[in-house]
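Here are some notes on the model you sent, set out as numbered points so that each can be checked against the coordinates on your screen.

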Amino acid sequence: MAELLLTPLQDPITIEIIQNSLGAIADEMFIAMRRTAMSSVIYEVLDFGVALTDGDGNLANSGAGIPSFIGMLDPGVKAVIEKFGPRNDIHDGDIFITNDPYRGGVSHMNDVVLIMPVFSGQDIIAWTANKGHWVDVGGMSPGSINPNAKELYQEGLLLPEVKLFAKGEPVAAVHDILTSNIRNPQESIGDMWAGIAALRIGRKRLLDLVHKYGQDTVTYAIATFLDYGEMVSRKALKTIPKGVYEAEDWLDDGRRIHVKVTITDDDFIVDFRGNPDQDSGPYNASYYATMVSAQIIFRGITATDTRANAGSFRPLKLICNEGSIFNARRPAAMGLYYENKIRSADLIWKAMSGVAYDRISAGHFCSICATLIGGKRPLTGAPHNFIEPEPGGWGAGATKDGENAQFSGSHGETYNCPVEVNEARNGIFVEHYQLNSEPGGEGEFRGGKGLHIAYRLLNEDGWVTAQYTRTQVPPWGMRGGRDGSRNYLRIAHADGQDHVYSSVSQLALTKSDVLHIITANGGGYGDPKKRSRAKVLDDLKNGYIDLEQAQTIYGLEI
């Protein structure tokens, strides 16, 4: 009997090795960027993401990092192809930079995208890309985020898919413009070089694959992986009951938001039509930012055990009015897009809670709670600022309590900045870092606890900028569970005054002022009276509730 020989294109083992190699390449890109970055928001908090795309800009493999950022990288690559492809102006060694929220940047101007083509001979077989939060990109305010901004141009230096490197050589004019418009170029430009290092290591590893297996085999493996992603999603979609599911909620200013999700045999359709007009300030999101919200929830209820790629999202459709807060029109400001985007994800989450209740928890704290703190270096007087996203409480599920102090669904695999780093580098003393002891989120399964963080300012000329959502409307409970608590910022001034805020813009601080950042407890699941006595006693022992709450809310008899 003749031996059956498979070509590399037909050999499933080779294809699987290449597909797993793509994941390893993305992970190495992530590590390279983290280890060479200059700002704590990147090397500690991990406020960045990396990805590989195919030659046409379709997401081929996502590395670690913020899901929102990873899902925004393929639109960035496609914007570069659309701009430079028709004039044949993409060359080996080129590196592109963009932060335009309405095109390749997708989010807000602080989130800077770096993109590099991978050539094999004369063919572009793939692209490497990353996006990271730069601590400053110019504009009207330090940190480049201001709740009072009225248009895009106030928020920083706009980079509309321009070449940072041409054929491997730096474009000096672009580098000069960057360093001249950024308040603290050492950190931001340092993070830029970290991103460049990640692109280049990704390119090298991809070409190693081509050298080992051949260009046709590698491109075939990528295409097959995209088709596999689609197959996994469609198979999972069939397990969700077909129908139309709707949800509504309210922004903190009282405006109603709503969504309609339609599930058919072939499609998962998210309809955001009819939502409020775009905001006069920076509380706006682009179409693709809202698309990423839909992708996060779609993945969460379909296929969570494989890496995402463009094929994974082929069944997903988004409908959204242009000129609304979820699909703003240029030149609306976008600095606080993240508080808007997480609300759109939470709304889809809420719509699906009735049908996928075994896979979806109650509402979480639903805010990035990004807090910018700045001032001047004590010895040099040089301006300095840093930004932190904050963890909060997640909602309870059908079988378990909510998670304590985790980052939002939008922010993914990020971390808090260690106390030691904050105190050594960022001009603050950490008075305490503890779970939120406020009530909220009671249920048969309890919502996770948020945080209470207290930062004492060590510099004289300080300031804080922040804008939180869910400051008035708490995270929603499920099936009889109680709503969670609220996010807010409280400042205890050194002169004895004490004020509570949901939004501040460069609020002046002085030495020994204390910032209390309080993030919400997640929503509860089920009737609190059904919580087991053992769990209630555990909650008492751990300080999650007091005796009065145990008796009045949970019905504990002593």
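1. This is a predicted model, and I would begin with helix α9, which has 16 residues and reaches 23 Å from its first C-alpha to its last, close to the 22 Å expected at 1.5 Å a residue.

2. As to its surroundings, 15 of the 16 residues of α9 are buried, which means that this helix is largely enclosed by the rest of the structure. In soluble globular proteins, nonpolar side chains tend to be buried together.

3. The largest nonpolar core of the model holds 107 residues, and the members that touch the most others are Val259, Phe268, Val270, Phe272 and Met352. Helix α9, spanning residues 337–352, supplies the largest share of this core, namely nine residues.

4. Turning to the sheet, four strands form an open arrangement in the order β8-β9-β10-β11, and their pairing is mixed. Its edges are β8 (243–250) and β11 (316–319), each of which pairs on one side only, while neighbouring strands are turned against each other by 15° on average, direction ignored.

5. Within this sheet, strand β10 (residues 268–271) runs parallel to β11 and is joined to it by four bridges. Val270 stands opposite Leu318 in β11, and Val270 is also among the core residues that touch the most other members.

6. Which strands does helix α8 touch where it packs on the sheet? Helix α8 (residues 287–301) touches β10 and β11, and its direction makes about 140° with that of β11.

Note on methods. Residues are numbered from 1 along each chain as its sequence is written. This is a predicted model: local features need pLDDT of at least 70, side-chain atom pairs count only at pLDDT 80 or more; totals for chains, interfaces and linings use all residues. Side-chain values use heavy atoms; hydrogens and water are left out. A nonpolar core is a set of buried Ala, Val, Leu, Ile, Met, Phe, Trp, Tyr and Cys residues joined through side-chain atoms within 4.5 Å. Buried means under 20% relative accessible area, exposed over 50%, partly exposed in between (1.4 Å probe, protein chains only). Helices (H or I, at least four residues) and strands (E, at least two) are DSSP runs, numbered from the N terminus. The expected span of a helix is 1.5 Å times one less than its number of residues. Two strands pair if DSSP finds at least two bridges between them. Axes are lines fitted to C-alpha atoms, for helices over the stretch in contact, and angles run from 0 to 180 degrees between N-to-C directions. Contact means heavy atoms within 4.5 Å.
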